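Reader: I have a chain open on my screen and would love to talk it through with you. Shall we start at one residue and work outwards?

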Amino acid sequence: MANTAQLLRRQSSRDIVLKSQKSIDQLELRELRGRLVTKEHGVSHHHHTSLHHHQPLYGATNQGFMSDAFDESSELEQDPPPFGSEASTSKAKAELVANAAGGDQAQDIVEGEKEGEERESWDSKIMFLLATIGYAVGLGNVWRFPYLAQKNGGGAFLVPYFIMLCIQGIPIFYLELAIGQRLRKGAIGVWSQVSPYLGGIGISSAVVSYIVALYYNTIIAWCLIYLLHSFESPLPWADCPTRLYKNFTYDHEPECVASSPTQFYWYRTTLQCSESVDMPENFNYHMAIALIVSWFLVYICMVQGITSSGKIVYMTAIFPYVVLIIFFFRGITLKGAADGVAHLFTPRWETLLDPVVWLEAGTQIFFSLGLAFGGLIAFSSYNPANNNCYRDAILVSMTNCGTSMFAGVVVFSVIGFKATATFDRCIEERNGLMAQNKTHNLPICDLQTELANSASGTGLAFIIFTEAINQFPGAQLWAVLFFLMLFTLGIDSQFGTLEGVVTSLVDMKLFPNLPKEYIVGALCFSCCLISMCFANGAGSYIFQLMDSFAGNFPLLIIALFECLSISYIYGVRRFSDDIEMMTGSRPSFYWMFCWKYLSPCAMVTILLASFYQLLTEGSSYPAWIGAKGASESMEWPHWCIVVAFFLILSSILWIPIVAVLRLCGIKVVEDSDPAWFPEAELREVHGIVPHEPTEVERSIFCFNMDGTEGMCCPKYGLPEKSLEEEE
């Protein structure tokens, strides 16, 4: 996720003249439009309101351009000149030039009809695309998708994966980009403008983003620890360490011998794991230092960023692809790579009958695209008003899914190499025992079992993949590349997550006199303090608790309310009109059907299935038992369940709270003026004419001829007549 604060245009002194000239041009354009006479049902009358609701008469026939139109008020010559007169226009021009000459870069001063402050914008289109791709492509693409694919039917998993992408992922991604670009505000401002009662949706997104940022940065800290130790030779997780006993003899650590060097280094050296979440044990100073450094890096990148050259976004968005390509060519040349890739994509069609496969496909699509965090809305709010958000949604979504499949090939080519090496050692050991006529307790060697013995998340990245890297020639180089890739993937996503919080706080104007840099600093400092709860023996368990609940159910509920708000409150017809105005093309029937019916149904189904699975199967966590050198599944204690419910409710309860308080006359989110949007200009440029709903649209979406939109099920009866037909 690229940081908006990094990527936004910084106006320099040479931009002042251009900026003031733009303001003068806008003033003249609005002054001319103020003379236009609008027509309502055949009656022309003179006014100076916006052109958003009435169609003006253009050309010489408009009385606003006749010389006698302004001869009626000669008795008012002593009064201050009204807006639209030559005197007021000249005065406004003089004020603009004076402000420009004085070096006022703080605001764009426009006299007269100023509908809102002009919003900053991206330096270029490529900056926005890189930022959004970096936001969507994260660690889940590398360590979550390959595991789910091989677990849930291999190539058959791609069927529910792409179906859920089409009915849930892309429609909501498209929705968030479009509504942010249209209303030009952060998540809180956008949903408050859709309806004052919906401001809680934006607050919920900001709260979830804050909570997710807390534990997501822990992954970055882990990557920093491994990246630092990747320069050692040999790698510290390549062999078991030795222990000095009381009789002054050395031997390998029993815990490491019982498990493996990579597992020992992960659980004992890095995490200093306790045997239960109830036993935090000692404070992990190494982890605390890594957390402080990672939060400091996030702050530095968000505050200063790429003010001149844009190096950070190119680094964080492009570097992971470079490393994946390098690992791809290295992986396919390894022995057993073909077996690993075949294991990943060989379809097992019977799994399509399992509802859990569809549930996990929908969940993976939803979270891999980063929906409902508010980051997409924040990013798109800085786009030009005529940006093609539909093309961006398709491009970024398909790039995200393509990255997942490509990362799956890379990961399982390496896992295939590791499994083949383990299988060969097993065969060699078995043959050796048989040569000694030992036929009892022979090891069972099965390549498919070794291939299936993969893991997801941290287990894949810090245990299985590192074990495979140990067997590479020049293992240090490959370890540095791998963990640097994970670091860039993580910090890129962290930018976008926090940007959703920062943009919402700035748009709410909670701290109107506080610079954005101080808000970012306070945010990172508070997160750093709270994240110290991960720097102890139970820190990894708390991480799993927050990952399982805080970033799961709340996001689904928020996205569901987003979809319902656009479909049944803002209106699909109005939303489609906005998209047509911005892009020049109207959304197809399919997208409107997804927004109003398919996507909400898919999210409700996933929510209900997730709750059912949680109630029937319960929830547990893998606890590391050092004496056994293995993990054991343990049930969450009661206080963890209470914390889980608190994390969920603290996020989603803002939606009903804000609405109820608003009904009682209490404003949690203050009303703000709509952001400036060139609606009339866009309609003129694209040649937009009012859309006449078809019979199918009126039946399916409850469109009425007067422009309203029904909220109930379709009604069938006599067709309604248009206003023109009635006249």
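Reader: Is Leu653 buried, partly exposed or exposed?
Author: Happy to begin there, keeping in mind that this is a predicted model. Buried would need under 20% relative accessible area and exposed over 50%. Leu653 has a relative accessible area of 38%, so the residue counts as partly exposed.

Reader: Where is Leu653 found with respect to H25 and H26?
Author: Helix H25 covers 638-652 and helix H26 covers 654-663. Leu653 is therefore outside both runs, and its place is the loop between H25 and H26.

Reader: Which helix gives the most to the nonpolar patch?
Author: Good one! The patch is made by Ile641, Phe645, Leu649, Leu653, Trp654 and Ile657, with an area of about 510 Å². H25 and H26 each supply at least two of its residues. The helix that gives the most, with three residues, is H25.

Reader: What share of the residues of the chain count as buried?
Author: Let's step back to the whole chain, which has 29 helices and seven strands. The chain exposes about 33500 Å², with carbon and sulfur atoms supplying 62% of that area. Of its 727 residues, the share that count as buried is 52%.

Reader: How many contacts beyond near neighbours in sequence does the model have for residues 1-24?
Author: A little care helps here. The mean pLDDT of the chain is 80, and 79% of its residues reach 70 or more. Over residues 1-24, however, the pLDDT is below 50. Where pLDDT is low, the predicted coordinates should not be read in detail; with that caution, the count for residues 1-24 is 74 contacts.

Methods
Residues numbered from 1 in each chain as written. Predicted model: local features only at pLDDT ≥ 70, side-chain atom pairs only at ≥ 80, totals over all residues. Heavy atoms only, no water. Patch = residues over 30% accessible without salt bridge, like charges linked within 9 Å, V, L, I, M, F, W, Y side chains within 5 Å. Areas by Shrake-Rupley, 256 points an atom, 1.4 Å probe, with all protein chains shown as cover. Salt bridge = Lys/Arg side-chain N within 4 Å of Asp/Glu carboxyl O. Helix = DSSP H or I, 4+ residues; strand = E, 2+ residues; numbered from the N terminus. Buried < 20%, exposed > 50% of the residue type's maximum accessible area, 1.4 Å probe, protein only. pLDDT = per-residue confidence, 0-100. Contact = heavy atoms within 4.5 Å.
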